[in-house]
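I opened this notebook to record what I looked up in one structure. My interest was in its main pocket, its ligand and its unusual backbone geometry.

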Amino acid sequence: MLGLETSCDETAAAVVERGRVLGQSVATQIPIHRRFGGVVPEVAARNHLMTVLPTIEAALAQACVAPQALGGIAVTARPGLIGALLVGVQTANALAWAWHKPVIGVDHTAAHVWSAMLRPPGLDADDWPRPRLPFAALAVSGGHTSLYRVNGPAELVLLGRTLDDAAGEAFDKFGKLIGLPYPAGPEVDRLAAQGRVGQVRLPRGMLGRSDGAYSFSGLKTAVRMHVASQYASGALPTGAERANLCADFQAAVVEQLLRVTLDSVRRHRLRDLVVAGGVAANCGLRAGFAEACARARVRFWPVAPAYCGDNGAMVACLGEALLRAGHRDDPFTLDAQATGEVRRAATVPAAGAP
Ligand code: KG4
Ligand code: ZN
């Protein structure tokens, strides 16, 4: 399966066979958008247009797979930046028609979740441990913070989500506040490892509720007020103060994610928890979840760091599972959708709830 991802600022393609990545290529636009402090949609779309075909060619060449040998083409069709999505979807439609292959449009968040099924990099086995269905999956990225009950590749049931910012968005906005370049998440993670927790009191938010909702706006305001009160206008924290602030901010994000998620997992009586998406690469999050899951006797399935950020392999992996389950789209009607819930998403009451 060829997987194609162009929903935001990475043009990514990969060839996957039964969960094994045979070849992949990513053309990142981060340096292009960095000077604007965030992704500029129209600039993103125009760059996808230039990189999409060379990226597909590179993935096919690395996999040593000819187009004729493909079983299908999977593409992120929703949600995302409309112009960026359109490039991927129309490319996939055209190639599917020209090569006589099935095309499968997938949800970006569902693809992040399903990346837990990919063979971890560096492993050569034909079989490897995977989460058992149904499992809980927390998708934490720049655009999403949602918890699902995953019953199968086409059935993700929404258990809870953020009321405002996504976790990655909170990391990026906090980083911008203290002068870090976009996207700030990885840099906050690196600095937090050098800092000491407990220097600044920050709110955790959303604890003590039972609706599975997350929220990061209170934390964002608290940290903004702290920076404004501690530093004269224009001045920014540096050195150990900056590292400590990163450590406290990260601890607050991780603690809320952890407590709300494990509460929902327990309420819905699930035994396996996947954590996927860009923020799942965060070292503090991985360590915190590993420890808390072990205590709660929940099997923890963090996606391999190499597949946490946007990539083509996750799209191909979900596409394979969907095709096997009988899904396929029409290349003449498959269209990009800027918004839209994960396929068949719905909110369900917790097990035992009235
Ligand atoms: O999944 P992704 O690549 O794209 C979206 O679907 O949004 O996630 C990107 C987000 C960005 O907000 C980025 O700052 C964040 O993931 N991120 C991290 C880390 N690596 C990426 N946040 C915290 N710690 C990290 N190590
Ligand atoms: Zn993503």
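The entries below take the pocket, the ligand and the backbone in turn.

Entry 1, the model. I noted at the outset that this is a predicted model.

Entry 2, the largest pocket. I looked up the volume of the largest pocket and found about 1300 Å³ of space in it. I then counted its lining, which is made up of 49 residues. Nearest the centre of the pocket I found Ser141, Gly142, Asp172, Tyr182 and Pro183.

Entry 3, the source of the lining. Which helix gives the largest share of the lining of the largest pocket? I found that helix 5 does, with six residues. I recorded helix 5 as spanning 167-177. At least two lining residues each also come from strand 3 (20-28), helix 1 (30-34), helix 4 (108-114) and helix 6 (185-192). I checked the domains as well: domain 1 (2-121 + 307-324) and domain 2 (135-303) each contribute at least three residues to this lining.

Entry 4, the character of the lining. I sorted the lining residues of the largest pocket by class and obtained 20 nonpolar, 19 polar and 10 charged residues.

Entry 5, the ligand. How many residues surround ligand 1? I found 19, the closest being Gly142, Asp172, Asp189, Gly278 and Asn282. Gly142 and Asp172 are also listed among the residues nearest the centre of the largest pocket.

Entry 6, polar contacts of the ligand. I looked for oxygen atoms of ligand 1 that approach the protein backbone. One lies 2.8 Å from a polar backbone atom of glycine 142. For glycine 168, the distance from a polar backbone atom to a ligand 1 oxygen is 3.2 Å. For glycine 185, the corresponding distance is 3.2 Å. I then looked up how far ligand 1 is covered: on its own it has 560 Å² of accessible area, and the protein covers 85% of this.

Entry 7, cis peptide bonds. I found a cis bond between tyrosine 182 and proline 183, with omega at about -10 degrees. Proline 183 sits in the loop between helix 5 and helix 6. I also found a cis bond between arginine 78 and proline 79, where omega is about -25 degrees. The loop holding proline 79 runs between strand 4 (73-78) and helix 3 (82-99).

Entry 8, a positive phi. Which residue has a positive phi although it is not a glycine? I recorded arginine 269, with phi at about 55 degrees. Arginine 269 belongs to the loop between helix 8 (239-267) and strand 9 (272-276).

Note on methods. Residues are numbered from 1 along each chain as its sequence is written. Chains are lettered from A and ligands numbered from 1 in the order in which they are written. This is a predicted model: local features need pLDDT of at least 70, side-chain atom pairs count only at pLDDT 80 or more; totals for chains, interfaces and linings use all residues. Side-chain values use heavy atoms; hydrogens and water are left out. On a 1 Å grid over the protein atoms alone, a cavity is a set of points where a 1.4 Å probe fits but cannot get out, and a pocket is an open set with protein on both sides within 12 Å along at least five of seven lines; lining residues have an atom within 4 Å of a point. Grid points are joined across faces, edges and corners, and a volume is the space filled by probe spheres set on the points. Helices (H or I, at least four residues) and strands (E, at least two) are DSSP runs, numbered from the N terminus. Ala, Val, Leu, Ile, Met, Phe, Trp, Tyr, Cys and Pro count as nonpolar, Asp, Glu, Lys and Arg as charged, and the others, Gly among them, as polar. Domain bounds come from an automatic or database domain assignment. A residue is near a molecule or strand if one of its heavy atoms lies within 4 Å of it. A polar contact is a pair of N or O atoms within 3.5 Å; within protein, one must be able to donate a hydrogen and the other to accept it, and residues adjacent in sequence count only if both atoms are side-chain atoms. Accessible areas come from the Shrake-Rupley method with a 1.4 Å probe; for residues, only the protein chains shown count as cover.
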